[in-house]
Amino acid sequence: MAEAATSTLTEPGSRPGAALGVEVRSIDWVPDAERHGRVWHQAPLWFLGNFQYFTIALGFIGPSLGLPLGQTILAGVLGVAVGTLFMAFHASQGPALGLPQMIQSRAQFGYRGVVLVLVGTLFTYLGFNVADQVLLSQGLDGVFGWSPGWVAAATAVLAILLAVYGHDWVHLAFRWLLYLSLPLMLLVTAGVLTGHAGGHAPSAHLAFTWAAFFAQFSAAAAYNITYAPYVSDYSRYLPRTTSARSLILSVFFGASGSAVWLIALGAWLAIRLGASDGLVGLREAGDHFIPGLGAAAAVLSALSLIATMGMNAYGGMLTVLTGIDSFRPIKPTRKARVVTILGLAAAWYLVGTLISANAVSTVFTALTLMLYLLVPWTATNLVDFFVVRRGHYAIADLFNPAGIYGAWAWRGLTAYAIGFAAEIPFMVLPDLGGWHYTGPVAEHLAGTDIAWVVGLAVSALAYLVLARSLDRDGESAAMVLSEEELANS
């Protein structure tokens, strides 16, 4: 099993009242003695995770396709509810196993086979941070006239620092940013609801179409589904006895509440204020209500998005180290963590500086690609955890390529491949460097994108059928040995 590096610094949360230091664990199993935290901490973490500028931009997608305000909000609410449901169920895996999400996925895809999923997951982390960098550079330039280049560099540095310090610092930073930003956003929203934030009747003709409705619905669903690969990374330090139901509810209401709120606000800014950038629109609406309110809200929204970039960098580091460990066992030392985070930051910074596309288009394209890649994985993983194995795994074998789960688990890999292939005829891929794709079935549906729904159902059914041939007796014996090994480690 991968071993955490020894350190003279305090391990975060290793005992009650421990000082916050640089986290020493990464892809390793978290022993019961180091478990800490409370279920309610998950709600503000994920509320703040969506309580920022990126979410406002999601509300621009429907209006950009001609969808009216009420229908944009309805599509957003439905999409958020569906996407957050999958995300919240993944969160319950953290305390049950004490492992990062991608390590646990070795049970479905194999010790080395999980690399297939890691590629899609790493794309998600980098894709989010590229889109975040584009949003921040354009938004802060529009609000304050700040140099996009300096904004990109500064955001990368702040995100790196948060990712290096790790799990406990992410939780702490998110809670404080929520305390600071919540009153400001409440005031802005009050201005909108009372008619004191400006606004006017839409100048463009807006009308319902299924293609636009499903585009907004899918983007909203994708937003929280794409948190699925790392939501349990932030619940894995909770005690093993944590109530799964309480944890699922805490994550669900935290992540969905802020997403619904800001998607609705973004739709209003796009349609009634005529804003083309969420941060600029937020500043204009707030300042129209109370001078200076909009600028302060814009700054806090930007800082919250930078914190989310730090969360993405942390998750990306876990993904990369898991991939390396799958072929060459490593000790996840502090140096390995820092070097990996720096490498990821260089990658998203360089890609982000090369993108000059409209921010809304960048967000929509990134979310669509992430959704196509992650849906077959989330279906396979959740079916395995809740239906097939019911949360019981031989944890020690997840760190052994010759263990019960094998190096290449053909059942999970096959289910993923079948699900992704089933998506292709239904895909509607937005413009990507001048290239776009609409599947033959999607063309018959007038461009309505239901590819991810198809992929979800097909992957889940395929894995259920294939999992019937699993060696459950052999795995039960491996679980007994695993518990003995963990107890003696």
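**Exercise 1. Find the partner of Asp-32 in a salt bridge and place both residues in the chain.**

Solution. Step 1: a salt bridge requires a side-chain nitrogen of Lys or Arg within 4 Å of a carboxyl oxygen of Asp or Glu. Asp-32 meets this with Arg-240, at 3.1 Å from N to O.

Step 2: the pair links distant parts of the chain, 208 residues apart. Asp-32 sits in the segment before helix H1 (42-50), and Arg-240 in the loop between helix H12 (228-231) and helix H13 (244-271). Helices here are DSSP runs (H or I, at least four residues), numbered from the N terminus.

Step 3: buried means under 20% relative accessible area, exposed over 50%, and partly exposed in between (1.4 Å probe, protein chains only). Asp-32, at 42%, is therefore partly exposed, and so is Arg-240, at 35%.

The model is predicted: local features need pLDDT of at least 70, side-chain atom pairs count only at pLDDT 80 or more, and totals for chains, interfaces and linings use all residues. Residues are numbered from 1 along each chain as its sequence is written, and side-chain values use heavy atoms, with hydrogens and water left out.

**Exercise 2. State whether Arg-106 and Asp-325 are buried or exposed, and describe their salt bridge.**

Solution. Step 1: the closest N and O atoms of Arg-106 and Asp-325 are 3.0 Å apart. Step 2: this pair also links distant parts of the chain, with Arg-106 in helix H7 (residues 106-109) and Asp-325 in helix H15 (residues 293-325), 219 residues apart. Step 3: both residues are buried.

Step 4: for another buried pair, take Arg-389 and Asp-384, whose side chains meet at 2.6 Å, N to O. These two belong to a network of salt bridges with Arg-472 and Glu-475. The structure holds six salt bridges.

**Exercise 3. Classify the ring pairs Tyr-165 with Trp-169 and Trp-210 with Phe-213.**

Solution. Step 1: rings of Phe, Tyr and Trp (its six-membered ring) pair if their centres lie within 6.5 Å; planes under 30 degrees apart are stacked, over 60 edge-to-face, and the rest tilted. The structure holds 29 aromatic pairs.

Step 2: Tyr-165 and Trp-169 are 5.5 Å apart centre to centre, with 70° between the planes, an edge-to-face pair. Tyr-165 is partly exposed at 36%, as is Trp-169 at 29%.

Step 3: the centres of Trp-210 and Phe-213 are 5.9 Å apart and their planes stand at 85°, so this pair is edge-to-face. Both lie in helix H11 (residues 210-225), three residues apart, about one turn of the helix. Phe-213 is buried, at 8%.

**Exercise 4. Check the span of helix H8 (residues 115-144) against its number of residues.**

Solution. Step 1: the expected span is 1.5 Å times one less than the number of residues. Step 2: H8 has 30 residues, so the expected span is 44 Å. Step 3: the end C-alpha atoms are 42 Å apart, which agrees. Just after H8, Gly-145 takes a positive phi of about 75°.

**Exercise 5. Describe the surroundings of Gly-412.**

Solution. Step 1: Gly-412 lies in helix H18 (residues 410-423). Step 2: its relative accessible area is 0%, so Gly-412 is buried. Step 3: contact means heavy atoms within 4.5 Å. Leaving aside neighbours within four places in sequence, Gly-412 is in contact with Gln-108, Phe-109, Thr-380 and Tyr-463.

Conventions
Helix = DSSP H or I, 4+ residues; strand = E, 2+ residues; numbered from the N terminus.
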